[in-house]
Amino acid sequence: MTLTLLTKEEFQRYSEKVSGHSFMQSVQMGDLLEARGAQVVYLSLKKEGEIQVAALVYSLPMLGGLHMELNSGPIYTQKSVLSEFYQSLKGYAKQRGAIELIVKPYETYQTFDSDGNPIDEEEKSIIQELCSLGYQFDGLKTGYPNGEIFWHYVKDLKGFDEESLLKSFNKNSVRNTHSALDYGVAIRSAEREEIPLFKKIIEETGKRQGFEDKNLDYYYKLYDIFEDKAAFLIAEVNPKQSIEALTMKQASLDEKSKNFKQQYQAIQKKLDFLDSLPSASDRILLACALIIYTNSEATYLFGGSYANLQKFSAPFLLQYYAMKQALHKDIPAYNFFGIQGLFDGSDGVLRFKQNFNGYIVRKPGTFRYYPNPFKFKCLQVLKKLMGR
């Protein structure tokens, strides 16, 4: 078997047969990479005309040749031929003039419960196989090395409807979701012209949490290319309408109920907060989330919220809404995406995602192959001398 090129249409048809693959291995991501300057090919390994393994591989120019990368793949229907695929990929990289080939498999290395306790054994064969083929392994990492995400927080959606899904969250998440609904927080998809407003929320969150945002070009291209495979979700509130609804709810409380005083005061706190907001505002944006869909998982790529509006609990409702959308699309898993893989209480992102009672998946990490190691080392020295 030798590597053959697939058309986008062939790759798309094959990917629809494969469960558990990442949006990074989609024709939409291929189009986005090309729009941002990368060269993209779809490679396959076939047996008797049938595709066994396939992958989106992209290349970018670097000093002396090409940086070639296979991110979150390959996808396959025959695991037994993965070794042959990886071996053939080395030859392809050398033939195409790659200085370095990077492979980041999407296979699960190990699964953990929501608190980070392992629930199965390490799949060491993934690492052993690639290393035996001559790939160098970066090692098992925590955090976000070079901005990469190798620890995912996942919610299994199989067997849930909307009501049972909400009940499956922890008490804090259920309470915050109901609180957002009480405030009248609404979730909708952003229009293309609202992308700068969407980005502004991400920017504010990035400054607060220490991550760098994408540029506007990235958002516009993703919006245009992914179409219905992506959802730019916005959470917003109309303070005037919320005040009217909460006032009516407060007035309808049963004064004879033993919980009357507690319920009345809880609503009053919400009303006081709403009264403190700028009176001229008929719509306030609270939070946002970017969701990417494949046939096997919905991925929460990233999102953000305004710190001064946290009382609305919009991020909780956003996640519930996104999961309900995945249910409607018959998607079996919701991937909250990145966490650091640190379970000492220092990861605030993990603490938020734990509210939804999922589990944790660890990916193997990064593997590197240098077709000409001597040339690569010389180029690295040259880069240092040039100050690059």
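Start with the cysteines: searching the whole structure for disulfides (cysteine sulfur pairs within 2.5 Å) turns up 0. This is a predicted model, where local features need pLDDT of at least 70, side-chain atom pairs count only at pLDDT 80 or more, and totals for chains, interfaces and linings use all residues. Residues are numbered from 1 along each chain as its sequence is written, and side-chain values use heavy atoms, leaving out hydrogens and water.

Select Cys 131 next. Its relative accessible area is 35%, so call it partly exposed (buried is under 20%, exposed over 50%, partly exposed in between; 1.4 Å probe, protein chains only). Then pick Cys 288, which is buried at 2%.

Now go to helix 11, residues 314-328 (helices are DSSP runs of H or I, at least four residues, numbered from the N terminus). Its end C-alpha atoms sit 21 Å apart, agreeing with the expected 21 Å (1.5 Å times one less than the number of residues). Of its 15 residues, 12 are buried, including Phe 316, Tyr 320 and Lys 324. Just past the helix, click Asp 330, with a positive phi of about 60°.

Last stop: helix 1 (residues 8-15) and helix 2 (residues 27-35). Their axes, lines fitted to C-alpha atoms over the stretch in contact, come within 10 Å and cross at roughly 140°, with angles running from 0 to 180 degrees between N-to-C directions. That makes the pair oblique (not under 35 degrees, over 145 or 65 to 115). To see the contact (heavy atoms within 4.5 Å), select Lys 8, Phe 11 and Gln 12 of helix 1 with Val 27, Gln 28 and Asp 31 of helix 2.

Notes. Helix = DSSP H or I, 4+ residues; strand = E, 2+ residues; numbered from the N terminus.
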